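Q: Please give a close look at the salt bridges of this chain, explaining step by step which residues pair and where the partners lie. Please also follow the account into the helices that surround these pairs.

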Amino acid sequence: MTTEAIRRSQRLNQITHAPHEQLDKAVKAHAPFETLASYCRFLTAQYLFQAELKTLYTQPLLIELMTDLPERCRAEQAKADLQDLKASIPDPVTGGVDAPSLAEALGWLFVSEGSKLGAAFLIKRAVALNLSDTFGARHLGEPAGGRAEGWKRFVRIIDDLPLTPEQEHEIDRGAVAAFERFNALLQHVYAPTAETEPA
Ligand code: HEM
């Protein structure tokens with residue numbers, strides 16, 4: 001047995017394993033690929049999450065660490081997806097990420113970027129609804145430069161950053177908070193009053 005420390009990204013994977021399982025179950029419970037109405041709600045949650053994170057994807061200090069950060073944001077793709085399906089663009093929902101520290105922001109971005117891995121599975125299901133990376137499911141499409149490559153580059157940057165012990169806690173907190181937020185948005189869009197039906 002070696003006592004070598006695990007990489008930061010591995011620790012993030014470990015601490016978000018249970019929230020990810022739970023979210024995966026919650027998404028599947030709503031069967032977003034069974035009907036277009038359910039898909040529109042799921043897409044609305046994705047749009048809201050990405051729209052909230054736009055402030056992080058465009059933050060100069062974070063772009064200094066990751067030069068391609070703005071292109072990684074999927075808010076515009078999710079918006080175009082909503083427009084493809086003639087679904088309304090939702091107003092912001094209170095409780096989104098608010099002025100996180102740099103390390104906390106990286107935790108949120110870790111979750112958003114990681115969700116592109118699951119998207120590889122989801123886009124295959126979206127085909128049944130006649131959706132694709134050019135219509136209605138753009139936000140689940142393969143990122144420019146490749147899904148696996150983009151993730152590897154992101155993880156390498158996260159792993160190589162010098163962080164203080166306090167910042168290590170902050171990045172963990174950010175990742176956990178991001179899962180909580182997606183959950184809250186999922187509940188919001190599937191609440192009976194949510195106006196997310198296609199026109
Ligand atoms: C908002 C955040 C996230 C959401 C909504 C999400 C959603 C999902 C869903 C629904 C699946 C199941 C796909 C299927 O079986 O058809 C999935 C799978 C997957 N997700 Fe996520 N995910 C998120 C974040 C992450 C993160 C942070 C990572 C990695 C660090 C990740 C990695 C994966 C991988 C590798 C799979 C495929 C195989 C597996 O279940 O392990 N996801 N995700």
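**Salt bridges and their surroundings**

A: Between Glu52 and Arg181 there is a salt bridge, in which the closest N and O atoms are 2.5 Å apart. The model is a predicted one, and every value below is computed from it. The two partners come from distant parts of the chain: Glu52 belongs to helix H3 (residues 36–57) and Arg181 to helix H9, with their positions 129 residues apart in sequence. Both Glu52 and Arg181 are buried. For Arg181 the reasoning is simple: its relative accessibility is 8%, and a residue counts as buried when that value is under 20%. The surroundings of Arg181 can also be listed. Leaving aside residues up to four places away in sequence, Arg181 touches Phe49, Glu52, Val93, Thr94, Gly95, Gly96 and Trp108. Its salt-bridge partner Glu52 is thus one of the residues in this list.

Helix H9 takes part in a further pair. The side chains of Glu168 and Arg11 meet in a salt bridge, with 2.9 Å from N to O. Here too the partners are distant in the chain, since Glu168 is in helix H9 (residues 165–190) and Arg11 is in helix H1 (residues 8–15), 157 residues apart. Glu168 has a relative accessible area of 18% and is therefore buried.

A search of the whole structure finds 14 salt bridges, so the account may turn to another of them. Asp68 and Arg153 form a salt bridge whose closest N and O atoms are 2.8 Å apart. Arg153 lies in helix H8 (residues 147–160), whereas Asp68 is in the loop between helix H4 (60–65) and helix H5 (69–72); the pair therefore ties together parts that are 85 residues apart in sequence. Arg153 has a relative accessibility of 34% and so counts as partly exposed. This pair does not stand alone: salt bridges with shared partners join Asp68, Arg72, Glu113, Lys116 and Arg153 into one network.

Two members of that network, Glu113 and Lys116, also appear in the contact between helices H7 and H8. As a general point, two packed helices are described by the angle between their axes and the distance between the axes. Helix H7 (residues 102–126) packs with H8 at an angle of about 160 degrees, and the axes are 11 Å apart. Because of this angle, H7 is roughly antiparallel to H8; the cut-off for that description is an angle over 145 degrees. The crossing of the two helices is left-handed. On the H7 side, the residues in contact are Leu106, Leu109, Phe110, Glu113, Gly114, Lys116, Leu117, Ala119, Ala120 and Ile123. On the H8 side they are Arg147, Trp151, Phe154 and Ile158. By type, the residues of this contact divide into ten nonpolar, one polar and three charged.

Helix H7 also holds Phe121, a residue that counts as exposed because its relative accessible area is 58%. Phe121 is 19 residues from Leu140 in sequence, and their C-alpha atoms are 9.0 Å apart in space. Between H7 and H8 runs a loop that contains Asn130. The phi of Asn130 is positive, near 65 degrees, in a residue other than glycine. With a relative accessible area of 68%, Asn130 is exposed.

Terms used:
Residues numbered from 1 in each chain as written. Predicted model: local features only at pLDDT ≥ 70, side-chain atom pairs only at ≥ 80, totals over all residues. Heavy atoms only, no water. Salt bridge = Lys/Arg side-chain N within 4 Å of Asp/Glu carboxyl O. Helix = DSSP H or I, 4+ residues; strand = E, 2+ residues; numbered from the N terminus. Buried < 20%, exposed > 50% of the residue type's maximum accessible area, 1.4 Å probe, protein only. Axes fitted to C-alpha atoms, helices over the stretch in contact; angles between N-to-C directions. Parallel < 35°, antiparallel > 145°, perpendicular 65-115°, else oblique. Left-handed = near helix turned anticlockwise from the far one by under 90°. Contact = heavy atoms within 4.5 Å. Nonpolar A, V, L, I, M, F, W, Y, C, P; charged D, E, K, R; others polar.
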